[in-house]
Amino acid sequence: MPSFPARIESRLPNVGTTIFTVMSRLAQECGAINLSQGFPDFHAEDALFERVAHWMRAGWNQYAPMGGVAPLREAIARKVADLYGTTYDPDTEITVTAGATQALFTAVAALVHPGDEVIVFEPVYDCYAPAIELQGGRVVRLRLAAPDYRPDWDAVAAAITPRTRMIMINSPHNPTATVWSAEDMTRLAALTRGTGIVVVSDEVYEHIVFDGRRHESCARHPELAARSVIVSSFGKTYHITGWKVGYVVAPRELTAEFRKVHQFNVFTVNTPVQFALADYMADASRHEGLAAFYAAKRDFFRDRLAVSRFELLDSHGTYFQLARYAAISDESDVAFVERLTRDTGVAAIPVSAFFSDAHDDRVIRFCFAKNEDTLAAACERLCRV
């Protein structure tokens, strides 16, 4: 094919292939166990698949309403009210999205104007900054320091200016597996009080919180709920990441702006899957047992790595485990995970990939959302490093 005959001025000149794609490809090339990209290697329950087939055969295969089918929006409203005590109108305050990434991008596209400042916390999931930059916004990065990765609220206060339009938060946090406390949410509410700042809260791991901790959703805090776009994911909750279905809850004024963009960058989401998810959500135990399910996997993984030379950091939520490797190597985290993949046969993610300046604390991220056989085989290899 001939090359493009003109110079392309990239709108994202510093963006390349994501580290998740790079490491998954390397894992496949090397035949390594892939603990890098965050997806399960097990299936959802057959009951969910059966409901999808039911709605397909029943003829519900055309476009769904732009905001999502009514039974699913109503099921989401019930779940949020039961868990967090805030009532959202299914018609005007809940939108079904094509996964969480689309929801996050759409929220930024709808609400950030050129010159606006958006505060994010590094290490930060890689889709946040490009969405901001594409809208002409300025990314203001605040660092969560290893090994605790707690927000510095004095630094947040100092970073807020008259140009601050949005603060993007993520708890439970990817990649650090930390969970924000009620005090964190109180501090955030105090700092945004009396401002026009919108909070975009990435809560895709809301049901995966361990050790008696509670997920502090923005929906749980009335003051924050009034200014927040809250994003969640069916993929993370029901082990169906490839279906790419999520949702947003937000006050009607924010939802109205969100849907102005949503109708043009996605418009609607897979119809029979939406009806199936509505049916499946009728049994609340399907998400109530998720924390215990993943806590067992976390403990299985940590127990078998206890005799390794890796230093395991705390994992209070998500299905990720951070590990320091200072006792093993002084290589950069990128070089270390590449060698780990090639020589040991286990792929991980370098945490420096979540920093704009590639800040390197010699920490890597493993995903333990795997069958026990997979985890056991990976740990056996890692204990030999």
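F293 is partly exposed, at a relative accessible area of 34%. Keep in mind that this is a predicted model. The next residue along, Y294, is buried, and its relative accessible area is 0%.

How do the rings of F293 and Y294 sit? Their centres are 5.1 Å apart. Their planes stand at 75 degrees, so this is an edge-to-face pair. The cut-off there is over 60 degrees. The pair belongs to an aromatic cluster, along with F42, Y205, Y319 and F320. Across the model, the count is 25 aromatic pairs.

Now the helices. Two packed helices are described by the angle between their axes and the distance between the axes. Take α13, residues 290–305, and α15, residues 372–382. Their axes are 9 Å apart, at an angle of about 20 degrees. That makes the two helices, α13 and α15, roughly parallel. The limit for that is under 35 degrees. The crossing of α13 and α15 is right-handed.

Who makes the contact? From α13, we have K297, F300, F301, R304 and L305. From α15, we have E372, L375, A376, C379 and L382. By class, the contact of α13 with α15 has seven nonpolar residues, three charged and no polar.

Second pair: α3, residues 70–84, and α11, residues 271–280. These axes come within 8 Å and cross at roughly 35 degrees. Here the crossing of α3 and α11 is left-handed. On the α3 side, the residues are P71, L72 and A75. They meet Q274, F275, L277 and A278 of α11. That contact of α3 with α11 divides into six nonpolar residues, one polar and no charged.

On to the backbone. Which bond joins E122 and P123? A cis peptide bond, with omega about 5 degrees. P123 sits in the loop between β3, 117–122, and α5, 128–134. P123 is buried, with a relative accessible area of 0%.

What does P123 touch, beyond its neighbours within four places in sequence? L144 and Y149 are in contact with it. So are H173, N174, P175 and T176. Then come V351, F354 and F355. One C-alpha separation to note: P123 to A145 is 8.8 Å, with the two 22 residues apart along the chain.

There is also a cis peptide bond between S171 and P172. Omega there is about -10 degrees. P172 lies in the loop between β5, 164–170, and α7, 182–192.

Next, positive phi. D211 is not a glycine, yet its phi is positive, about 60 degrees. Look for D211 in the loop between β6, 198–202, and α8, 222–225. D211 counts as partly exposed, at 49% relative accessibility. Exposed would need over 50%.

R362 also has a positive phi, near 60 degrees, and is a residue other than glycine. Its loop runs between β12, 349–350, and β13, 363–367. R362 is partly exposed, with a relative accessible area of 30%.

Which residues does R362 touch, not counting those up to four places away in sequence? A323, R324 and Y325 are among them. The others are D330, E331, S332 and D333. R362 and P350 are 12 residues apart in sequence, and their C-alpha atoms are 8.1 Å apart in space.

To recap the backbone: cis bonds at E122 to P123 and at S171 to P172. Positive phi at D211 and at R362.

Technical notes: Residues numbered from 1 in each chain as written. Predicted model: local features only at pLDDT ≥ 70, side-chain atom pairs only at ≥ 80, totals over all residues. Heavy atoms only, no water. Axes fitted to C-alpha atoms, helices over the stretch in contact; angles between N-to-C directions. Helix = DSSP H or I, 4+ residues; strand = E, 2+ residues; numbered from the N terminus. Parallel < 35°, antiparallel > 145°, perpendicular 65-115°, else oblique. Left-handed = near helix turned anticlockwise from the far one by under 90°. Contact = heavy atoms within 4.5 Å. Nonpolar A, V, L, I, M, F, W, Y, C, P; charged D, E, K, R; others polar. Phe/Tyr/Trp six-rings, centres within 6.5 Å; stacked < 30°, edge-to-face > 60°. Buried < 20%, exposed > 50% of the residue type's maximum accessible area, 1.4 Å probe, protein only.
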